[in-house]
Amino acid sequence: MPNLPTLTLAFKNKILQVFPLEDGLVNIGREPSCDIHIDSLAIEPQHARIVVRDKLCTISQGNSDNPTFVNHKPIDEYVLQDNDIIRIGKHTLRYRDEDLQAPLDNEQTEFTTTPPQTVEQPIAASVKKTPKPTNPITAGWLQVMSGKNLGKTFKLQSGLTDLGTLGMAPALIALRQGGYFISNLTQDNELRVADQSIGDKSHPLHDGDVIKIGRLTLQFHLHA
């Protein structure tokens, strides 16, 4: 059965809930009867609505004087595209389509990453490109330790892996000559490795390290 498009509700980069979008009308607002109920005074009772038809999702402004934003721009009506960010009050909803949700249904799936020879490293200003290691580095993997995808494993390709593409809080895993490093991409995001907050610095990953991003827990593994 094909996956449905989803909206991931978050507040201050903390993921709260994931909503699958079936054909029909989806109301978003403070009113408890709304399909996506957000209990916040910054949100109107009927703030916005989404019409879903054959996986085409169109969002429009509801009975509200407070604007609805998509990718930082106010909208009256807008057809959602994969990875669009909707902002309503102080909450955000990340839209994901079927194609990029599909990897979560596989027991073992490779992330889509960028080849290291073509990527400028954003993590450290002194590093321009990911050098090719003299000795091959063993493959890195992430295992989901919480939530509905508990137990799933994902292989990290060489280069860069953006965890935000899965609807998580923004974080980046980079393969360098010395191994894998993780970096926090926002100041508001609480990212911990081995129960230590890494702040705004890149942090090396070691086999067995536990990564916590909001309510999500991952474990990093190195396989030969």
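Two strands pair if DSSP finds at least two bridges between them, and this idea of pairing is used throughout the following account of a predicted model.

The chain has 224 residues, of which 43% count as buried, and its secondary structure comprises 1 helix and 22 strands. Among the contacts with a separation of 6 or more, 43% are made by residues 24 or more positions apart. The surface that the chain exposes amounts to about 12,300 Å², with carbon and sulfur atoms supplying 49% of that area.

**An open sheet**

Five strands, in the order β4-β3-β5-β6-β9, form an open sheet in which the pairing is mixed. The strands β4 (36-37) and β9 (77-79) stand at the edges with a single partner strand each, so one side of each is left without a neighbour in the sheet. Within this order, β5 (residues 48-53) and β6 (residues 56-61) pair in the antiparallel sense over 6 bridges, and V52 stands opposite C57 in β6. The loop between β5 and β6 is the place of K55, a residue that has a positive phi of about 65 degrees although it is not a glycine. K55 is partly exposed, with a relative accessible area of 34%.

**Strand β10 and its partners**

In a regular strand the side chains alternate between the two faces of the sheet. Which residues of β10 point to one face and are buried, and which point to the other and are not? I86 and I88 are the buried ones on one face, whereas I85 and R87 point to the other face and are not buried. The charged end of R87 sits over the ring of F69, at 4.2 Å from the centre of that ring.

Strand β10 pairs in the antiparallel sense with β7 (residues 68-70) over 2 bridges, and it also pairs in the antiparallel sense with β11 over 4 bridges. I86 takes part in both pairings, since V70 stands opposite I86 and L93 is the bridge partner of I86 in β11. The hairpin of β10 and β11 has 2 residues between the strands, and there G89 takes a positive phi near 65 degrees.

A positive phi is also found in H72, a residue other than glycine, where the value is near 75 degrees. H72 has its place in the loop between β7 and β8 (73-75), and H72 is exposed, with a relative accessible area of 75%.

**Salt bridges**

Side chains of opposite charge can pair when their charged atoms come close. The structure holds 2 salt bridges, which are listed here with the distance between nitrogen and oxygen atoms.

| Residue | Partner | N to O distance |
|---|---|---|
| D82 | R96 | 3.2 Å |
| R192 | D195 | 3.7 Å |

The side chains of D82 and R96 meet in a salt bridge. D82 lies in the loop between β9 and β10 (85-88) and R96 in strand β11 (residues 91-96), so the pair ties together parts that are 14 residues apart in sequence. Are these two residues buried or partly exposed? D82 is partly exposed, with a relative accessible area of 25%, while R96 is buried, with a relative accessible area of 1%. In the salt bridge of R192 with D195, R192 counts as partly exposed at 26% relative accessibility.

Technical notes: Residues are numbered from 1 along each chain as its sequence is written. This is a predicted model: local features need pLDDT of at least 70, side-chain atom pairs count only at pLDDT 80 or more; totals for chains, interfaces and linings use all residues. Side-chain values use heavy atoms; hydrogens and water are left out. Buried means under 20% relative accessible area, exposed over 50%, partly exposed in between (1.4 Å probe, protein chains only). Contact means heavy atoms within 4.5 Å. Accessible areas come from the Shrake-Rupley method with a 1.4 Å probe; for residues, only the protein chains shown count as cover. A charge sits over a ring if NZ of Lys or CZ of Arg is within 6 Å of the ring centre and within 35 degrees of the ring normal. A salt bridge is a side-chain nitrogen of Lys or Arg within 4 Å of a carboxyl oxygen of Asp or Glu.
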